[in-house]
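Hi everyone, thanks for coming. I'll walk you through a structure that's new to most of you, so let's get it up on the screen.

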Amino acid sequence: VTREALPRGTATADPRRSPTLCVAIVTSGDLDGVGATVQAIRLYHEEIAGRVSFLVVDRRPEGVAAGTAEALAGANPMLRYLPSPGADEGAARDLLMRATDADIVCWLDDRALVAAGGLAAILDWFRAHPGSRDLMQGPQLDDGLVHGAPAQPAPFQLEIEQPGLLACRRDAALEPGAGRRVLCHPAAAWIKRPDANPFACFEAIFCLNLDRETERWREASRRHARLGITSRVERFPGVATPDNPHRGIAVAYRRMVAAAQRRGYEHLLVLEDDAVFLDDTLAVLASAAVELPGHAWDLCYLGACVWSQAFPFLGTSTVLQACGPVTCTHAIAVHARAYDRLLAEIPTAADELERWLEEHLAIDQYLSRRIRDGTYRAVITSPRVASQPNLLHFDDGDGALAARYVI
Amino acid sequence: MPQPCEDAGRGAAQTRENARELMAPASPTPPAARRSLCVGMATHGDFDGVWFTIQALRMYHPEATDDLSFVVVDNDPGGATATALREIGNWVARYRYVPFGGFSGTAVRDLVFRETDADVVCCLDSHVLLAPGALAALRDFFDAHPDSPDLVQGPMLHDNLELGRAVTHLEPTWGAGMYGQWARDDRLDEPGCEPFEIAMHGLGLFACRRGAWPGLNPRLRGFGAEEGYLHELVRRRGGRVLCHPRIAWAHRFSRPFGIPYPNRWEDRIRNYLVAWGELGWDVAPIEEHYLEMLGSQMDVAGLVARVRGQVEHPLSVLDAVFCLANGACDAHAHPSAIAWRVEHREPDPALEGEPRRLAAWHDALVAARARDYRHVLLLDQESGPEALAAIAPQDLERPWDLCLLTSASPAVAPAAPAFVTAGKLALSGLAVAVHAGAFDRVLADLGADEAGRHAFLARWPDVETYLLQGMRDGLFTAIGEPFAEPAVDRPAASPGLELVEHAAGLSVRQGSPAREHELNNTASIVLALCDGKRTVAGIAEEMAASFALATPPLAEVSACVSGLRRAGILLARSSSM
C-alpha cells in the first residue's frame, strides 16, 4: 500500500485538541462581582489557562466608575469588555456570540464561583462529544456548598434550562433549540453570591435628575451610598420644561418605563433626586422584599403624600399596606405588569400630551386616579420609607416621622 | 560459670538479632494536635468582598478548611449589609460576626485577634483571594513552628495574577501618602525558595500566632499607618517578618464605587505620629512627605500642628476613652482633647437605671481587658476632661488603680448638701479612669449578669459609692485632681463668707455671687481646717486623729476640697497657693 493509494478524505477536528472556552458574562454594572468571578476562574482553574477567554457585556455601563472597565480588561488580555447600554438579554447574548470565536461558550452569572475543575469537566465533555448540540449546565450550590443533584460522576438530563451556568458549542448556540438536550454535569457545580441589599428586590433603580441639577445629584448620590445602592442606581436624565414641570416629569416617567420594558426589567424603582429616607429603611424594605412576590402589585410606593389616609395592612403583613389614591412620585416601583398600560395611556405626541395634562394635571394625579378606579393595584410600605423635604412639614404628609428621615 | 566462647558468640549474634528487632522502625506517634486557624477580616460593610473571600476559601482550599474558623469585624454595623454579614453564620460553621461601631479605621483589625480563640490568626482584607495551596502552606508553617513569634506574609499578586510579577514587600520609603512602596525580592525567583525575611509589607494578608500578636496602638483612627509599624513591633518582640513564597494572595479588583469609609489625610498623618511616636522613630519625615505632596493644596503645617496637638495632649497618655452615654454619642460634644478618639459603647438597652450603668461599666472594662489596654477613661456623659491638670506623666507611671479627672461639663452640679462621703454627689463632676491593675477586681465586683448586679447593688447604691469606699478602704489607689499634690496643696476659704452653725453642720452664705450652701458636719470640719496653712494631707491626718480612723481619709478630703472649690467656698487652687 502506498501513500498515494490512501483514500482522500475531508479533514475533521482533531479530537485530541482541547476546545477553547469563552466565559460570557452579562452584567448590569456590577463590575465588582464580574472582577471577582473572573479572577477566581483564573486563579483556581489553572488547568484551562490558555484555553479560556472572557467576554463581559455590560448592560448598564453608565454607573461604572471611569477606569474600572479598562482596569478589568487591562489586567487580563483574554478579556473583552463590551458596554451595551440597555441591551436586553437576547441582544446581549447575540453580541456575545458575535464577539467570540471560542469553540465552547459558557454563560455565567456575574457574581459566581465555579467549583475547581468544573470548567475543565465541561471542556472535556465537549471534547469527547465533538458534534454535540446539547446545553451543559452545573448544579447550583447553596451557601452551605451543598446541591441537590444526584451523586453521580456523569452528566444527567434536566427537564428545563436553568439560569446561572450554561455552556454549549458556539455554533450550536446559533442553531434552533429544538431537539437538543439540557444536561447537568455534577462536576460543574457553582455558587452565586446573594444580593445582600433589600433594594435588590427591584430589578432596576432609576433616579430622575435634571442635567443642570448637579448639586441635587451629588446629594442624592450621598443618600444612595448610605443605603448601599450606589452601584444599582442609574441616573436617568430629567426633561426640563420650565413652563410646566409636570410635562417634563410625565415625559421622563414614560421614558423610564419604556426603557424598563425594552430592557426586560421585571420591575423598576423610580427615585426622584430629592427623595430622603427613613432611618430604618433597610430593615423595613427587607421585610417588604420578602412579602412583595406574594402580592400581585402594579405599583409599590415607598413614599407618598397620603393626605391623612390610613390604609389596611395586607393580610398579616406589618410592613405592606393596600394603597389608596395618593400623590407624589418620589419613590415608586412599577411592575412589568403595568408597563403596557402606562405606555399606552401616557401619550408621546405633544398635542395629546397637552390634553392629557389638562385632564390629569400631572403623573402623580394620573396614578392616583387609576388607583382609585382599580386599574392599578398599589401597595405602600408602612412606615413610608421615603419622603420629600416638603412633605416633612405637613401633618397629613410625613410630619409625624419627620425627625427620622435622616438618610 | 563463664559460658563457652561458642555460646558467647552465639549470644552476641543473638543480641545483634535482637538489636535488629529492637531497632526496627517504630511506628510513628500521632502528630501533635494541629494548630487551630482563624481567618479574620475587618470590613466596612463589604458583604460582597467577605462572601467571595470566605466562599473561595471553602471551595478552593478544602485541604485546609476542615476546622477553619472565621471572625468578621463589621465596622459599619448599622449599614446596609450588616444583617447579611451576620447571617453568613447561618451557613458557615465556626463563623463569628462582631459588629463594631465604636470608632472607624483600619486598626479595627486588632479586634480580630481579640475575638478568636484560635492558635493562629490569618488576617485578610475582605475580597482577598488566596492562591491554591496557600492556606495549607500557612498551616504547615505554624504546625512546624508552633512557638513562632513571626509575622508571616506572602507575595501579593497584581490583577494579572502572575507570580512572576508579584510583589514581596514594601520598601521603607514614602510615596503617595503612604510609608512603604511595593517592591519585589529576587529570592522569590529561586527554585525551592523558602520563606525569607522582609522589612515590611502590605497588610492584605498577614498571620501570626494569637499569642504573638503585639496589638495595635489604641489611638489609631481612620485609615493607615500600620505598615512598617506593625512589622517593627513584631521584630521588637523577637519575631521576624517573613514572606512565604507559597502564600500568594490577590487583592480585590479595584472597587468601582470607591471605599465607603472616610479616608482623611488628618487621620493618616495623626496615625503616623501615633505609631512612629510609640516606636520612638523620628517623625520629621512624615511632615516632610506630606508637605511635599500636599503643600500646594492645603496648609500641611497647620494640619500637622493640629494633629500633633491631639497626639501629644496629656490626656492622650490614657490608652482609651469610652463614652457610655445612653443613645448615640455625638463625639463633638466631648472636649476636643479627647473627641477625636472617643469610642462609644452602647449600654444594654434592655436595662435601666443603675443596672444599665453597671452593665455598661462591665462591658467597657471587659473590652479594655480583652484589648490589653493599660488604662481606660470612662465617661457616663457626652463630656469629659479637657486637661490632665495637676497630674504629671510620672504620676501615671506610679502604681494607681483609679484616676479622677475633672469633667468639663459635670453631669450633676454640686448641690447642697453636696459633700457626702458616699453616693453619686461625692464624685460628681469627675470622670474616672481605671487602670488595668484594677480591671479584674472591679469586674468581679460589678457582676457579669443580673445576679451579679443584684449582689453589687445590695452592697453599694452605685458605682461612685463603691469606688469611694474602695479608695477609703485602701483597695484602690487613687490619683487625680482631687489628690493632686495633697502634701503641698493648702486650701483656703474664700473671703467674705458668712458661716452659721446649726446641728447638722454649717450654712455658708456668699456675697458675690449670692449663694447659700448647706454643709454637713464632715464638710464643715474640712472647711474649718482649710486655713491656707494646712495641706490636704494634713487635714486628712487631723480628721483621722479626731475620729480615730485607721487611715487618713485622703480621698474623701480631697474630693471634699475639690467640691468646695467648685462651689466657690474655697479659693481656686492657684489663688490659695
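Okay, let's start with a count: over all chains, there are 59 salt bridges here. Keep in mind that this is a predicted model, so everything I quote is computed from it.

Let me pick out one of those salt bridges. E215(A) pairs with R218(A), and their closest N and O atoms are 2.8 Å apart. Why do these two sit about one helical turn from each other? Well, both belong to helix α6 of chain A, residues 214-227, and they're three residues apart in it, so about one helical turn separates them. As a general point, side chains of opposite charge can pair when their charged atoms come close.

Now, how many salt bridges are there between chain A and chain B? Just one salt bridge is counted there. The side chains involved are D48(B) and R193(A), at 3.2 Å from N to O.

Hang on to D48(B), as we'll meet that residue again. Let's look at the interface as a whole. On the chain A side, 40 residues are in contact with 29 residues of chain B. Together the two chains bury about 3000 Å², and 71% of that is on carbon and sulfur atoms. Which three residues of chain A supply more of its buried area than any other three? They're D32(A), L43(A) and Y44(A), with 23% of what chain A buries against chain B.

Next, zoom in on two helices: α1 of chain A, residues 31-44, and α2 of chain B, residues 47-60. They pack at an angle of about 20°, and their axes are 11 Å apart. With angles under 35 degrees counting as roughly parallel, that makes α1(A) roughly parallel to α2(B). The crossing is right-handed. From α1(A), the contact uses D32(A), G33(A), A36(A), T37(A) and Y44(A), while α2(B) brings in D48(B), F52(B), A56(B) and Y60(B). So there's D48(B) again, as part of this helix contact. Sorting the contact residues by type gives five nonpolar, two polar and two charged.

Last stop, a couple of backbone oddities in chain A. In general, most residues other than glycine have a negative phi, and most peptide bonds are trans. C328(A) isn't a glycine, yet has a positive phi of about 85°. You'll find C328(A) in the loop between β17 (320-322) and β18 (331-335). Then there's the peptide bond from S382(A) to P383(A), which is cis, with omega near 0°. P383(A) is also in a loop, the one between β19 (378-381) and β20 (386-387).

That's my tour, over to you.

Terms used. Residues are numbered from 1 along each chain as its sequence is written. Chains are lettered from A and ligands numbered from 1 in the order in which they are written. This is a predicted model: local features need pLDDT of at least 70, side-chain atom pairs count only at pLDDT 80 or more; totals for chains, interfaces and linings use all residues. Side-chain values use heavy atoms; hydrogens and water are left out. Axes are lines fitted to C-alpha atoms, for helices over the stretch in contact, and angles run from 0 to 180 degrees between N-to-C directions. Helices (H or I, at least four residues) and strands (E, at least two) are DSSP runs, numbered from the N terminus. Angles under 35 degrees count as roughly parallel, over 145 as roughly antiparallel, 65 to 115 as roughly perpendicular and the rest as oblique. A crossing is left-handed if the near helix is turned anticlockwise from the far one by less than a right angle, and right-handed if clockwise. Contact means heavy atoms within 4.5 Å. Ala, Val, Leu, Ile, Met, Phe, Trp, Tyr, Cys and Pro count as nonpolar, Asp, Glu, Lys and Arg as charged, and the others, Gly among them, as polar. Buried area is the accessible area (1.4 Å probe) that two parts lose on being put together, summed over both. A salt bridge is a side-chain nitrogen of Lys or Arg within 4 Å of a carboxyl oxygen of Asp or Glu.
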